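Subject: Structure handover

Dear colleague,

Here is the structure we talked about. My notes on it follow below.

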Amino acid sequence: MKTILVSLTLIVLFATNGAQAQNQGDIRVNAGLINLFSPYGGDYRIGFGVGGEYLITDVISVAASHYLTNKDSNKLNVFSVDGRYYLMTGTTQVYGIAGISFIGGRRGLSETGLAVGAGAIFVMSDHIGINTELKYQFNKLFEDTLGLQANIGVIYEF
C-alpha cells in the first residue's frame with residue numbers, strides 16, 4: 001500500500017512539474033518576513049527584507065537577500081548570498097540552499113557563517129509567487145551555531 005501511495009504522489013508531482021518552466025537568465029525579486037530562532041543567546045527576532053535571484057541555468061541560481069531585524073535597541077542586519085539547486089521546477093519549485101551569511105548589529109555583534117537549508121516557490125501566476133525557506137546558519141565554522149532562519153515572502157519574476 002505504501003508503494004502505491006508513494007508512486008501516485010511521485011506521478012502527481014512530476015505531472016505538475018512541467019506546468020511552469022523556469023529558464024536560464026530569469027530574474028526574480030522578493031520581499032518578505034524573516035524569523036530568527038535562538039540567535040545570540042536564545043532570543044527570538046522577526047524582521048523584513050528584500051532579495052533577488054538570477055538563474056544561471058534552468059536548475060542552478062544565485063540569490064542575495066538583506067533582512068533587518070529589531071528587538072529592543074539591538075538591530076541586526078542579515079545579508080546572505082546563497083546558491084540554489086532546484087529539484088522541482090514546475091508550479092511548485094523546490095530547491096536546496098548552500099550559502100554564506102553576514103550578520104551585524106549595533107552592539108558590535110558581527111558574525112559570518114555558512115548556511116544550509118531548503119525552500120519552495122509556489123507559483124500563483126505568470127509573474128507572482130509565494131516563497132518559503134528554512135535555513136540553518138552556522139557561525140565560526142561550526143564552533144557554535146547561530147540558529148534557525150525561516151523566511152516567507154512574495155516573489156515577482158521578470
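**Ser61 and its surroundings**

Ser61 sits in strand 3, which covers residues 60-71. Please keep in mind throughout that this is a predicted model. The relative accessibility of Ser61 is 2%, and the cut-off for buried is under 20%, so Ser61 counts as buried. Its side chain makes a polar contact, at 2.6 Å, with the side chain of Glu53. Leaving aside residues up to four places away in sequence, Ser61 touches Glu53, Tyr54, Leu55, Ile56, Asp82, Gly83, Arg84 and Tyr86. Three of these names, Glu53, Asp82 and Arg84, come back under the salt bridges below.

**The chain as a whole**

The protein has one helix and eight strands. Read from the N terminus, the order of elements is α-β-β-β-β-β-β-β-β, with the helix ahead of the strands. The chain has 158 residues, and 37% of them count as buried. Taking contacts between residues at least 6 apart in sequence, 50% join residues at least 24 apart. The accessible surface comes to about 8,600 Å², and carbon and sulfur atoms account for 67% of that surface.

**Asn151**

The second residue I looked at is Asn151, in strand 8 (residues 144-157). Is Asn151 buried or exposed? Asn151 has a relative accessible area of 8% and is therefore buried. The side chain of Asn151 makes a polar contact with the side chain of Gln149, at 3.2 Å. Not counting residues up to four places away in sequence, Asn151 touches Leu33, Ile34, Tyr67, Asn131, Thr132 and Glu133.

**Salt bridges**

How many salt bridges does the structure hold? There are five, and three of them are set out here.

One is formed by Glu157 and Arg28, with the closest N and O atoms 3.2 Å apart. Glu157 belongs to strand 8 and Arg28 to strand 1 (residues 27-37), so this pair ties together parts that are 129 residues apart in sequence. Both Glu157 and Arg28 are buried.

Another is the salt bridge in which the side chains of Lys135 and Asp82 meet, at 2.8 Å from N to O. Because Lys135 lies in strand 7 (residues 128-139) and Asp82 in strand 4 (residues 74-89), the pair ties together parts 53 residues apart in sequence. Lys135 is buried, as is Asp82. Asp82 is also one of the residues that Ser61 touches.

The side chains of Arg84 and Glu133 meet in a further salt bridge, 2.7 Å from N to O. Arg84 is in strand 4 and Glu133 in strand 7, so here the parts tied together are 49 residues apart in sequence. Arg84 and Glu133 are both buried. Salt bridges with shared partners join Arg28, Glu53, Arg84, Glu133 and Glu157 into one network.

**How the two residues relate to the network**

Ser61 touches two members of this network, among them Glu53, whose side chain is also the partner in the polar contact of Ser61. Arg84 is likewise on the contact list of Ser61. For Asn151, the contact list includes Glu133, which is in the network as well. Strand 8, where Asn151 is found, also holds Glu157.

Regards

Methods. Residues are numbered from 1 along each chain as its sequence is written. This is a predicted model: local features need pLDDT of at least 70, side-chain atom pairs count only at pLDDT 80 or more; totals for chains, interfaces and linings use all residues. Side-chain values use heavy atoms; hydrogens and water are left out. Helices (H or I, at least four residues) and strands (E, at least two) are DSSP runs, numbered from the N terminus. Buried means under 20% relative accessible area, exposed over 50%, partly exposed in between (1.4 Å probe, protein chains only). A polar contact is a pair of N or O atoms within 3.5 Å; within protein, one must be able to donate a hydrogen and the other to accept it, and residues adjacent in sequence count only if both atoms are side-chain atoms. Contact means heavy atoms within 4.5 Å. Accessible areas come from the Shrake-Rupley method with a 1.4 Å probe; for residues, only the protein chains shown count as cover. A salt bridge is a side-chain nitrogen of Lys or Arg within 4 Å of a carboxyl oxygen of Asp or Glu.
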